[in-house]
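Hello,

Here is the structure we talked about handing over. My notes on what was found follow below it.

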Amino acid sequence: MNKKNIEDIGVKGKKVLVRCDFNVPMDENKNITDDIRIQGALPTIKYLIENEGKVILMSHLGRPKGDPNLKYSLEPVAKRLAELLGKEVTFASDNEVVGISAKKAVSEMKNGEVVLLQNVRFRKEETKNNPAFAKELASLAEIFVNDAFGTAHRAHASTAGVADYLPCVSGYLIQKEIDVMGKALSNPEKPFVAILGGAKVSDKMGVINNLLEKVDTLIIGGGMAYTFLKAKGYEIGNSLLEVDKIELSKELMAKAEEKGVKLLLPLDCVAAKEFKADAVHKTVGVENIPVDMMGLDIGKESIGIFSEAIKEAKTIVWNGPMGVFEMPAFALGTKGIAEAMANCNGTTIIGGGDSAAAAEQLGFADKMTHISTGGGASLEFLEGKELPGIAVIEDK
Ligand SMILES: Nc1ncnc2c1ncn2[C@@H]1O[C@H](COP(=O)(O)OP(=O)(O)OP(=O)(O)O)[C@@H](O)[C@H]1O
Ligand SMILES: O=C(O)[C@H](O)COP(=O)(O)O
């Protein structure tokens with residue numbers, strides 16, 4: 001993708017407004033439980049500091065729905081960021097985001113200093129992409145850097161609207177995300193294998209449809225596999241089923257055949273009586289799922305077949321866990337796939353969300369080529385959609 005980035009624009013002495021995605025998980029005591037998105041923003045922030053820009057950061061956190069609810073304050077992020085940078089980060093706590101303290105902090109900034117604004121979703125106008133709010137944000141700065149890949153699928157005031165009033169370039173995080181995933185989609189080294197899992201077929205329809213145009217092998221596991229198995233005529237007991245997607249599953253299987261894409265579905269599964277961590281369970285062939293049980297993970301045979309396909313691949317994209325990995329009894333399938341990816345020689349890309357969390361939790365994260373910081377955004381990217389936060393970045 002031929003977009004301008006921060007190196008294409010002079011930042012020395014300039015006020016630079018940077019949209020990050022600091023939407024990080026926190027526990028009830030407001031401790032950040034995973035700071036991967038803050039870490040992901042550091043290269044851009046460090047570049048701007050080193051090149052003597054005045055760095056004004058903004059982000060959303062959670063969904064406060066336009067109310068200044070302090071449960072969603074970005075103050076803990078300012079603290080963590082300061083620790084990671086080893087440098088003071090001034091937090092402008094105005095509930096109206098662009099308020100007295102933000103304006104004062106920005107007007108007093110020296111080159112290389114960092115200010116973080118309050119959660120942009122404290123303003124109702126943010127998610128409506130209101131031009132007046134976008135203009136207010138833009139009035140703080142001279143350059144807009146979008147580095148919020150995780151929010152690039154939202155056309156909001158701070159992700160897209162602000163670009164109507166300021167020159168807009170990308171940060172390193174967005175650039176890396178679009179470079180790695182863009183290359184996998186447009187010019188993948190073959191064989192190209194995609195693995196899709198997670199709960200719902202409906203969430204991934206567009207992704208399956210787009211990837212069928214590009215991959216050599218498509219592996220489908222997780223809860224969504226049962227709708228495909230049902231479409232093939234298997235009885236799936238109490239497993240997850242989207243009845244209204246059975247026809248579509250048939251169409252997608254027909255498309256795979258027509259395109260010469262090898263479609264792999266589970267051959268066996270770990271079936272349980274209940275959706276519970278300590279539920280009675282056993283491994284059965286998919287043709288033998290008892291009527292009173294539900295498939296909560298792929299079985300060993302499936303792990304073996306899927307791993308073989310991964311071993312041969314040169315490009316692998318994975319989105320969605322193979323089973324209910326949050327419960328140890330049903331995490332082996334997801335672990336097996338993560339392990340096969342970690343040990344293969346190809347380019348390995350994890351499309352964010354739950355699969356990224358699973359790879360992290362299971363200890364394979366540092367063995368992957370790229371783990372996207374976007375959940376919904378990476379899905380839309382894999383669907384082949386143009387993301388509004390990327391569309392606004394100026395072309396080279
Ligand atoms: N066989 C199954 N039955 C029921 N739930 C399942 C099954 N397999 C996986 N899941 C659940 O699917 C959920 C993940 O689904 P989701 O579609 O959100 O994945 P994801 O695409 O990785 O996440 P995101 O959309 O955030 O990127 C997990 O919580 C997991 O427990
Ligand atoms: O976590 C995410 O996927 C992004 O930060 C976007 O958040 P949203 O779904 O609340 O817009």
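To start with ligand 2: one of its oxygen atoms is 3.0 Å from a side-chain N or O atom of Asn 23. Please keep in mind that this is a predicted model, so every distance here is computed from predicted coordinates.

Two arginines also reach ligand 2 with their side chains. For Arg 63, the distance from a side-chain N or O atom to an oxygen atom of ligand 2 is 2.7 Å. For Arg 154, a polar side-chain atom lies 2.6 Å from an oxygen atom of the ligand. Ligand 2 has 310 Å² of accessible area on its own, and the protein covers 85% of this.

The shell around ligand 2 consists of Asp 21, Asn 23, Arg 37, His 60, Arg 63, Arg 121, Gly 150 and Arg 154. By residue class, 5 of the shell residues are charged and 3 are polar, with no nonpolar residue present.

Next, ligand 1. There are 21 residues around ligand 1, and those that come nearest are Ala 199, Lys 204, Gly 295, Asn 319 and Glu 326. Two of these five have a listed side-chain distance to the ligand. Glu 326 has a side-chain N or O atom 2.5 Å from an oxygen atom of ligand 1, and Asn 319 has a polar side-chain atom 3.0 Å from an oxygen atom of ligand 1. In the case of Ser 355, a side-chain N or O atom is 3.3 Å from an oxygen atom of the ligand. On its own ligand 1 has 640 Å² of accessible area, of which the protein covers 83%.

Now the chain as a whole. The domain assignment splits it into domain 1, residues 15–171, and domain 2, residues 179–383. Taken over C-alpha atoms, the centres of domain 1 and domain 2 are 35 Å apart.

What do the two domains share where they are in contact? On the side of domain 1, 6 residues are in contact with 11 residues of domain 2. About 640 Å² is buried between the domains, and carbon and sulfur atoms give 66% of that area. Within domain 1, the residues that lose the most area to domain 2 are Ile 36, Phe 149 and His 153, which together make up 73% of what that side buries. The domain 1 residues that touch domain 2 comprise 3 nonpolar, 2 polar and 1 charged.

How many salt bridges are there between domain 1 and domain 2? The count is 0. As for polar contacts, 1 residue pair is found across this interface.

Regards

Key. Residues numbered from 1 in each chain as written. Chains lettered and ligands numbered in written order. Predicted model: local features only at pLDDT ≥ 70, side-chain atom pairs only at ≥ 80, totals over all residues. Heavy atoms only, no water. Domains from an automatic or database assignment. Contact = heavy atoms within 4.5 Å. Buried area = accessible area lost by both parts, 1.4 Å probe. Salt bridge = Lys/Arg side-chain N within 4 Å of Asp/Glu carboxyl O. Polar contact = N/O pair within 3.5 Å; in protein donor to acceptor, adjacent residues only side chain to side chain. Nonpolar A, V, L, I, M, F, W, Y, C, P; charged D, E, K, R; others polar. Near = heavy atom within 4 Å. Areas by Shrake-Rupley, 256 points an atom, 1.4 Å probe, with all protein chains shown as cover.
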